[in-house]
Amino acid sequence: MPVTGDKGEQVRELQRQLAAARFDPGPVDGVYGPLTRGAVARLQRYCGLAADGIAGPLTLQALALLLPHRPQPGRRLSPHFAEAEFACRCCGMVRVNIRLVHMLEALRARLGGRPVIVTSGYRCPAHNRAVGGARMSQHLYGNAADIIVAAAAPHDAAAAKNEAPGTSSGWLMEYITERGGFAYLPPDKVADAAEALGYPGVGRYPGFTHVDVRPNGRARWSG
Ligand SMILES: [Zn+2]
């Protein structure tokens, strides 16, 4: 792995990828100097990684995931999320910020380990236009997911019915909505959990919840 002081083709490739992902490393000269180190640190902050400026395996993986590519069949990015789940629905390409994946795992855990279903992850520019997405939509950068959350596995649902309202599984049962034969958590409950976890972007919609890890500022809206 390339580190400060290194020279050569490996560093050049790192610099090319940093430039392609808009983390300006200065000239692509194959020298791992202060500019490259600074670009790596900015990338790391963007991806929620420790910003030490060292291009270790996790950092290189996070960088590669930010660039448009074809998902590898069966590849998991975390225990409960596969790379392909974030792929563009029109062209199959994917970009994904690993910070989004980590925050989706946290959201899943907070919601009692219920399956989080990504209905829209990365959108290529053509697909984003086709679905009427915002011009600077976080979906374009792999920072956003529209999600629905399964209410409960059948055996959980049976157990939760016997619990008093006000307990965590009690409120889940109170608010379960039926959609297409599957029970989903109400999107507002998912949005509340995302806000409690400090997601930078949370959008409330009638049938789903938008969450994102935008790098600057905070956004809350209803659509
Ligand atoms: Zn597409």
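**View 1. Packing of helix H1 against helix H3 in the predicted model.** Helix H1, which covers residues 9-20, packs against helix H3, residues 57-66, at an angle of about 45°, and the axes of the two helices lie 9 Å apart. Since angles from 65 to 115 degrees count as roughly perpendicular and those under 35 degrees as roughly parallel, H1 and H3 are therefore oblique to each other. Their crossing is left-handed. On the H1 side the contact is made by Leu14, Gln17 and Leu18, while H3 contributes Leu60, Leu63 and Ala64. Sorted by character, the residues of this contact comprise 5 nonpolar and 1 polar, with no charged residue.

**View 2. Surroundings of Leu60 in helix H3.** Leu60, which is placed in helix H3, has a relative accessible area of 29% and is therefore partly exposed, a class that lies between the buried limit of under 20% and the exposed limit of over 50%. When residues up to four places away in sequence are not counted, Leu60 touches Pro2, Leu14 and Ala55. Leu14 is also one of the H1 residues that make the contact with H3. Val40 is 20 residues from Leu60 in sequence, and the C-alpha to C-alpha separation of Leu60 and Val40 in space is 9.3 Å.

**View 3. The loop residue Arg22.** Arg22 lies in the loop that runs between H1 and helix H2, the latter spanning 34-46. Its phi is near 70°, a positive value in a residue other than glycine. Most residues other than glycine have a negative phi. With a relative accessibility of 73%, Arg22 counts as exposed, because the class requires a value over 50%.

**View 4. The largest nonpolar core.** The largest nonpolar core has 49 residues, and within this core the residues with the most contacts are Phe86, Leu104 and Ile147. The elements that give two or more residues to the core are the helices H1, H2, H3, H4 (98-110) and H8 (187-196), together with strand S3 (116-120) and strand S4 (144-149). Helix H4 supplies the largest share of this core, namely 6 residues.

**View 5. His127 in helix H5.** His127 has its place in helix H5, which covers residues 125-130. The relative accessible area of His127 is 14%, and His127 is therefore buried, as this value falls under the 20% limit. With residues up to four places away in sequence not counted, His127 touches Cys88, Arg89 and Cys90.

Conventions
Residues are numbered from 1 along each chain as its sequence is written. This is a predicted model: local features need pLDDT of at least 70, side-chain atom pairs count only at pLDDT 80 or more; totals for chains, interfaces and linings use all residues. Side-chain values use heavy atoms; hydrogens and water are left out. Axes are lines fitted to C-alpha atoms, for helices over the stretch in contact, and angles run from 0 to 180 degrees between N-to-C directions. Helices (H or I, at least four residues) and strands (E, at least two) are DSSP runs, numbered from the N terminus. Angles under 35 degrees count as roughly parallel, over 145 as roughly antiparallel, 65 to 115 as roughly perpendicular and the rest as oblique. A crossing is left-handed if the near helix is turned anticlockwise from the far one by less than a right angle, and right-handed if clockwise. Contact means heavy atoms within 4.5 Å. Ala, Val, Leu, Ile, Met, Phe, Trp, Tyr, Cys and Pro count as nonpolar, Asp, Glu, Lys and Arg as charged, and the others, Gly among them, as polar. Buried means under 20% relative accessible area, exposed over 50%, partly exposed in between (1.4 Å probe, protein chains only). A nonpolar core is a set of buried Ala, Val, Leu, Ile, Met, Phe, Trp, Tyr and Cys residues joined through side-chain atoms within 4.5 Å.
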